[in-house]
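Colleague: Could you give me a close look at the side-chain salt bridges here? After that, carry on to the strands, the loops and the backbone.

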Amino acid sequence: MIHKHDLIIVGAGLAGLRAAVETSGYSDVAVISKVFPTRSHSGAAQGGIAAALGNEEPDSTEWHIFDTVKGSDYLGDQDAITLMVNEAPEVIYELEHMGVPFSRTKDGKIAQRQFGGHTKEVIKDGVSKRVPVLRACYAADRTGHVILHTLYEQCVKRNVHFYSEYFILSLIIENNTCKGLVAYNIKDCQIHIFHAKAVMFGTGGYGRAYKVTSNAYANSGDGVAIAFRAGIPLEDMEFVQFHPTGLYPIGILVTEGARGEGGTLLNKGGERFMKNYAPTVMELAPRDMVTRSIQTEINEGRGIDGKDYVHLDLTHLGAAKLKERLPEITGFAKTYAGVDPVVQPIPILPTAHYSMGGIPTNVYGNVLADEKGKIIKGFFAAGECACVSVHGANRLGTNSLLDAVVHGRRTGKTMNEFLKTAELLPLPSDVGEKDKAYFTKLFAGKGTENTDNIRNTLKLGMTAKCGVFRNETDLKNLLGTIHELRERFKNVGLMYSGTNFNTELMEVIELGNLLEYSEIIILGAIERKECRGAHWRTDFPKRDDVNWLKHTFAFKTDKGVKLKYKPVTILNYQPQERKY
Amino acid sequence: MKITLSINRFDPAVETKPHREEYTIDVEPTYRILDCLDKVKWEIDGGLAYRRSCSHGICGSDAVMINGVNQLACQILVKDFKKNYIKIDPIPALPVIKDLVVDMDSFFDKYDIVKPYLITKTAPPPKERYQSQEDRALIDEAVNCILCGACSASCPSLWSNDSYLGPAALLKAYRYIFDSRDDGAEERLDVVDSNDGLWRCHTIMNCIEVCPKDINITWHLSQLKKRCTSREL
C-alpha cells in the first residue's frame, strides 16, 4: 500500500510533535510512531527544561551559552548553542501558551530549579566564581510528561494524521534526495510505502544497546541505524551519556532535579564524596563528572556494602518537599527499590541515558551528507536522534528537552519553506522489495539464532567495555564480539511466524539496528585517543585539543565503516581546562 | 524462585475464543511482571503479545489485568504477590487484538471528544500567562494521567454502556475546565453534561482503586458534576 503526504515525520516525541505543530496548517503532515504518541520516551524526562527566564533570580542567556559550551567539553558547536539558548525563553513561553502546566513561583510565574552545570557568575572579594543558578523550568518531576501530552493535544486540535504502531524499515533516497520511506504496520506486519516530499526523523536516542539504561524499550536507535544504512554519515556516536543516578540495579532514571533540590551523594562511609571531585558545585557538577566520581567510588571499593552502588540522600528535604517537588521518583524508589526516600537514602548507579551523537544536521534541521556541509534534499532530523551539535561531548541536564523543542520548531520552519516548492518525485521501481524479501526470509522460519541471546551479549558487552571508563584492549575485544554477533544475527530466527501483532518480529528488526550502530560507537571510541566529556579513555587520560577538538563522522563504505572528521565551530569561548 | 503465570491467549486470526496457557519460569522476587512476560516471550513463546515501552510507569503502554485488577505490568513486582500463581488478562471492555493487546481506538476517540487542549479567547502575553500556586494545585493530580486506560476499563458504567465517555476522558475534561488559563469550559461542559457523559458516573470508584498514578478520579468527576449543576441554576 502506498500513502502520499507532503511531509512524513517519524517519531512522536517532543521534536517530532513540535515539528508537527509547526507544519500542520501549511502542509499535509502525517506522523509515524512505533508506539502511541503519548508513550514516547520524551515523557520520561523528569527534572526540567532550561531557559534563562530569570523568574527566580537574575540569569542571562550568555551564562547559559557558556555553561553549555563548557559542559560539552568544548565539542559543542558554538553557533548552534548560541541559537538554541537565545531561542529558549521564546519556546518556553510558547509551550506555556499551549497549556503546559509548569509548576509556579509564589507570584505565578514559571518555577525554576537548579541543575548540574548551570551556573551564574558571582563576584566575591574581587574574584569571579560560578555557582548553581535556578534555570530549569519544571512541572514537579514530570516535565517531559506534561510537555509531551500538551504537544500531542495540540496535534489533536490541529487534526494531525497519526500512523500509530507503524515501524519504519528503510528510507527511500536516490540522487541525494529523500522521497519517502518504507514502514510496516505492527498490528498485521503489512509493509507500507510512504511517498512524501519531505521526511523528518525525530526518532530518539540509542541507549538500549546498554544493559543498565534509563531508556525505554523503544529507544533502539532505529532512525540512526536506518539513516546510516541509507548512506548518511553519523556524527560523534562515541559520546553516550551515563546519567549519574539510575535506580539500582536496573537503572531507571532518578532525576538530577533531586540533587537540584539539595540531594547529596554518599559512599559507604557516609562521606559526601563529591567534595573530592568538584568542590565548588559538588553534586551539581555536570553529569559526566558526577558519573565518573560515582564509578570511581564503586571501583575503589567505597560502594555501599562494597557493592556497585552509592546512596542518594534526600531525607533532609522532608516529606512535604518530596511530595511537592519529587513525587514521581519518591514513588519509583518505593516501588522498585523498596526504600522510602523520606527516611532512607536511595541506592543509585550510573545508567546509559542520552545519545549526544546521531544524524548530523545543520542548525536548520537539514541532514548532512558529509562532513563538509552538503545536505540531503528533503530529509530532516531533530532531537536526540540528531547531532547539531549542541551537546558536544556531554549534555547538560534540561538541555535535552530544550534541544528537542527548539530544533523541532526550527526544523518545522525550514520544512515549511522547503515544501512551498518541493514536489513528489517518482519512486524507484523496486521500492520496498528488499524489506519484503527480508520479511519473507524471516517468516520462512529457517533461522536458528535466538534474538534475546544475541541482544543480551551485546548489552552486557557495551556496559562492561564501552561504558563510563574505556580502554583500547576492551574496545577492540568488544568490536570482535560485535562482528561475531552480526554474523550470528544473519541466521536469527522467529519462534512465532504469525502476522498478528508479532512483537518478536519487531525485536529482530530492533536488534539489527542495535548491532548496526553499536559498531560505530565502538569504532569512534577506539579511534578517539583522549578523554573528553562522556568519552573517557583510561589509556589516554587527558583531553587533547591539538588532535581531537573535532567531530567524528562515520561513513558506510563497501570496505566497512570509514571515519572522517569535522572541525568544531568556536566563537567566543576558547577551550580551557574544565574545572568545577 | 519459580512462579507460574496463567495468561489469557487469544489470536482472533486463528481462534474463535480465548484460551489460557500456563508458563512456569525462574524469576527473582524483584522482577516486574513485565520482566516475567518478557521472559516467557524470549524463552518459551515468541508469539505472546503485549505492549510496553518505558518500563517504569510513565508511558502507560502496559495496563493489563493482573489477578483481576487492572494495573501496569511494569509497576508491580513478583514479591508484591502472596502466591506464586499469577493470572494475567487483557484489560476488559475493549476488543482484543491479540493476547494482552487491546484495541484502544474507542478510548482515544472519547479523549478527542472532550476537546483535550487549552482553549483561550485572548491573545497570549509576551511572557507566560500567570497562574497562582493555588490555581495550579487544582490540576496537580489531573495532569498526571498517563492515558493507560486502566480506569475506563475497570468502570462498570462503561461496561454496560460503551458509548459512556468514561473516567479518563472526563478527567481530561476536568484538567482543562479547572485550568485557570482556559476559556473553553462552556463548550467542554456541553460535551460532558450529556447523556453519555458525566452523569453515567455512579461513584463506584473502581477507577480510583486501579489508577497507577493514584489519581482520585471520582473526586475530580464530582467537582465537574458540581460545576455542571451550578451552571444549570
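Modeller: A salt bridge here is a side-chain nitrogen of Lys or Arg within 4 Å of a carboxyl oxygen of Asp or Glu. Keep in mind that the model is predicted. A:Glu271 and A:Lys275 make such a pair, with their closest N and O atoms 2.9 Å apart. How accessible is A:Glu271? Its relative accessible area is 28%, so it counts as partly exposed, since that class lies between the 20% and 50% limits. A:Lys275 has a relative accessible area of 43% and is also partly exposed.

Now take A:Glu96 and A:Arg104. Their side chains meet in a salt bridge, N to O at 2.8 Å. Both A:Glu96 and A:Arg104 are buried. Chain B offers a further case. B:Asp179 and B:Arg175 form a salt bridge at 2.9 Å, N to O. B:Asp179 is buried, and so is B:Arg175.

How many salt bridges are there over all chains? A search of the whole structure finds 73. Some are linked up. One network of salt bridges in chain A includes the acidic residues A:Asp73, A:Glu238, A:Asp288, A:Glu530 and A:Asp545. The arginines in that network are A:Arg292, A:Arg528, A:Arg532, A:Arg543 and A:Arg578.

Stay with arginine for a moment. A:Arg18 sits in helix α1 of chain A, residues 14-23. Is A:Arg18 buried or exposed? It is buried, because its relative accessible area is 2%, and the class holds anything under 20%. Which residues does A:Arg18 touch, beyond its neighbours within four places in sequence? A:Glu94, A:Met98 and A:Leu151 are in contact with it. So are A:Val405, A:Gly408 and A:Arg409.

On to the strands of chain A. Strand β18 covers residues 375-381, and 5 of its 7 residues are buried, so the strand is largely enclosed by the rest of the structure. Which strands pair with β18(A)? Strand β9, residues 190-201, pairs with β18(A) in the parallel sense over 3 bridges. There, A:Met200 has A:Phe380 as its bridge partner. Strand β17, residues 366-368, runs antiparallel to β18(A), joined by 2 bridges. A:Phe380 appears again here, opposite A:Asn366. β17(A) and β18(A) form a hairpin with 6 residues between the strands. Within that hairpin, A:Gly373 takes a positive phi near 105°.

Another sheet in chain A is open and has 3 strands, in the order β3-β5-β4, with antiparallel pairing. Its edge strands are β3 (49-50) and β4 (112-124), each pairing on one side only. Helix α2, residues 61-71, packs on this sheet and touches β3, β4 and β5 of chain A. The direction of α2 makes about 110° with that of β4(A). β3(A) meets strand β5, residues 127-137, over 2 antiparallel bridges. A:Ala50 stands opposite A:Ala136 in β5(A).

That leaves the backbone. Most peptide bonds are trans, and most residues other than glycine have a negative phi. Which bonds are cis here? One runs from A:Tyr248 to A:Pro249, with omega near 0°. A:Pro249 is placed in the loop between β11 (240-247) and β12 (252-253) of chain A. Another cis bond joins A:Val388 and A:Ser389, where omega is about 10°. A:Ser389 lies in the loop between β19 (386-387) and α10 (399-421) of chain A.

Where is phi positive outside glycine? A:Asp305 is one case, with phi near 55°. A:Asp305 is found in the loop between α7 (287-299) and β14 (310-313) of chain A. A:Asp305 counts as exposed because its relative accessibility is 63%, and the class begins over 50%. B:Leu147 is another case, with a positive phi of about 55°. B:Leu147 lies in the loop between α3 (133-138) and α4 (156-160) of chain B. B:Leu147 is buried, with a relative accessible area of 2%. Put side by side, A:Asp305 is exposed, whereas B:Leu147 is buried.

Key
Residues are numbered from 1 along each chain as its sequence is written. Chains are lettered from A and ligands numbered from 1 in the order in which they are written. This is a predicted model: local features need pLDDT of at least 70, side-chain atom pairs count only at pLDDT 80 or more; totals for chains, interfaces and linings use all residues. Side-chain values use heavy atoms; hydrogens and water are left out. Helices (H or I, at least four residues) and strands (E, at least two) are DSSP runs, numbered from the N terminus. Buried means under 20% relative accessible area, exposed over 50%, partly exposed in between (1.4 Å probe, protein chains only). Contact means heavy atoms within 4.5 Å. Two strands pair if DSSP finds at least two bridges between them. Axes are lines fitted to C-alpha atoms, for helices over the stretch in contact, and angles run from 0 to 180 degrees between N-to-C directions.
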